[in-house]
Amino acid sequence: MVRVLVLAVIGGVGMSQGAAAPAQTAQAAVSSSALHPNNAAAHSPDVPPLPHGKSTILGGAIRTVDPVRDQFVLNIYGEKPLKILFDERTQVFKDGKRIPLRELGAANHASVQTTLDGADVFAISVHILSQSPSGDYQGRVLSYDADNGMLILTAASGRPPFRVLISNQTSFRRLGQLAFSSVASSANDLVPGSLVTVKFAADRKGQGIAQEVSVLAAPGATFIFSGNLTALDLSTGSLVVVDPRTNTSYQIHFDPSRGPSSDLRPGQHVRISADYDGTRYVATDISIE
């Protein structure tokens, strides 16, 4: 099955979950040296040490900086605003250059390295970016509202769904097998269950705007898989085939009572015709080559 990957993008998508991304994102602006602050304040006996929890990098727009309560609100791309605490241990950078903490203010584009301090989210470092960040996100369509242009995609386990706006300038295309990709794509492909990759950029308000939507599969589409059978489970009616040309694996479901399932063995080369039903690929024909 085509894997629904959460590509690392602006908005913390794929940050703590560990999903890798090929896109150039705001996180790329975070220098490795900045991820491990080593300033005098951090070692001062009058200042508590930094929390030792796992850190996560979040991208978004900084809003409502409160220097009295030592907190600010980060509008995270595709998610709900998040309150983040800071103090003299927090390092602040603008376009990679260190700036005083007192200069921390509202910013349209920022990358924040955070960790948990008890139940609160604490900023270890803040990286303010002058230019608008961009990124990619891959997932399954949960819903699309053509009236307001809001597209909602699935996210990795434990993360809220990802939201991005579709505009009149958003381009569409289908990718993959010729029978599927040769059909013109449009917003009509944004039906629940469609597998898509969205390339987006953030506007001045921190909202992700889709620049390009690539549709990988749509409910009802038929695909042909040819490759090596690497896993087989007759009890659940599922198998994994690996395309030797791309080394891509696909999980496909089938009816064990139909077709040559009793003759299937891992290691065989098979050809499978399967329909995508919006959640999985279901085999309609399996042949051993």
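What share of the contacts in the chain with a separation of 6 or more comes from residues 24 or more positions apart? The points below start there and then walk through the model.

1. **The overall picture.** This is a predicted model, and residues 24 or more positions apart account for 58% of its contacts with a separation of 6 or more. The secondary structure comes to 2 helices and 17 strands. Of the 289 residues in the chain, 46% are buried.

2. **The barrel.** A good place to settle your eye is the closed barrel of 5 strands, which runs S13-S14-S15-S17-S16 with mixed pairing. Neighbouring strands of this sheet are turned against each other by 50° on average, direction ignored.

3. **S13 and its two neighbours.** Strand S13 covers residues 222-233 and pairs with strand S16, residues 269-276, in the antiparallel sense over 7 bridges. Two places to look along this pairing are Phe 223, which stands opposite Ala 274 in S16, and Asn 228, which stands opposite His 269 in S16. S13 is also joined to strand S14 (residues 238-243) by 5 bridges, and these two strands run antiparallel. Here Ala 231 has Val 240 in S14 as its bridge partner. The S13 and S14 hairpin has 4 residues between the strands, and Gly 237 takes a positive phi near 65°.

4. **S17 and its two neighbours.** With S16, strand S17 pairs in the antiparallel sense over 7 bridges. Tyr 276 stands opposite Tyr 281 in S17. S16 and S17 form a hairpin with 4 residues between them, and in its turn Gly 278 has a positive phi of about 105°. The pairing with strand S15 (residues 248-253) is parallel: 2 bridges join S15 to S17, residues 281-288. On that side, Ile 252 has Tyr 281 in S17 as its bridge partner. Tyr 281 is therefore worth finding on screen, as it is a partner of Tyr 276 and of Ile 252.

5. **Aromatic rings.** How many aromatic pairs does a search of the whole structure find? The search gives 9. Tyr 137 and Phe 162 form a stacked pair, 4.2 Å centre to centre with 10° between the planes. Tyr 137 belongs to strand S8 (residues 134-145) and Phe 162 to strand S10 (residues 162-174), so their pair ties together parts that are 25 residues apart in sequence. Both Tyr 137 and Phe 162 are buried. Elsewhere, ring pairs link Phe 180, Phe 223, Phe 225, Tyr 250, Tyr 276 and Tyr 281 into a cluster. You have already met some of these residues in the barrel, including Phe 223 opposite Ala 274 and Tyr 276 opposite Tyr 281.

6. **Salt bridges.** The structure holds 6 salt bridges. In one of them the side chains of Asp 87 and Arg 89 meet at 2.8 Å, N to O, and both residues are buried. In another, Asp 243 is joined to Arg 245, with the closest N and O atoms 2.8 Å apart. Are Asp 243 and Arg 245 buried or exposed? Asp 243 has a relative accessible area of 9%, so it counts as buried, whereas Arg 245 is exposed because its relative accessible area is 71%. A further salt bridge joins the side chains of Arg 280 and Asp 277 at 3.8 Å, N to O. Arg 280 is partly exposed, at 36% relative accessibility, and Asp 277 is partly exposed too, with a relative accessible area of 41%.

7. **Charges over rings.** Arg 89, from the first salt bridge described above, also lies over the face of Phe 122, at 4.6 Å from the ring centre. Arg 98 has its charged end over the ring of Phe 93, 5.9 Å from the centre.

8. **An exposed strand residue.** Asn 168 lies in strand S10, the strand that also holds Phe 162. Is Asn 168 buried or exposed? Its relative accessibility is 78%, so Asn 168 counts as exposed. Asn 168 and Ala 210 are 42 residues apart in sequence and 9.8 Å apart in space, C-alpha to C-alpha.

Methods. Residues numbered from 1 in each chain as written. Predicted model: local features only at pLDDT ≥ 70, side-chain atom pairs only at ≥ 80, totals over all residues. Heavy atoms only, no water. Salt bridge = Lys/Arg side-chain N within 4 Å of Asp/Glu carboxyl O. Buried < 20%, exposed > 50% of the residue type's maximum accessible area, 1.4 Å probe, protein only. Phe/Tyr/Trp six-rings, centres within 6.5 Å; stacked < 30°, edge-to-face > 60°. Lys NZ or Arg CZ within 6 Å of the ring centre and 35° of its normal. Pairing = 2+ DSSP bridges. Axes fitted to C-alpha atoms, helices over the stretch in contact; angles between N-to-C directions. Contact = heavy atoms within 4.5 Å.
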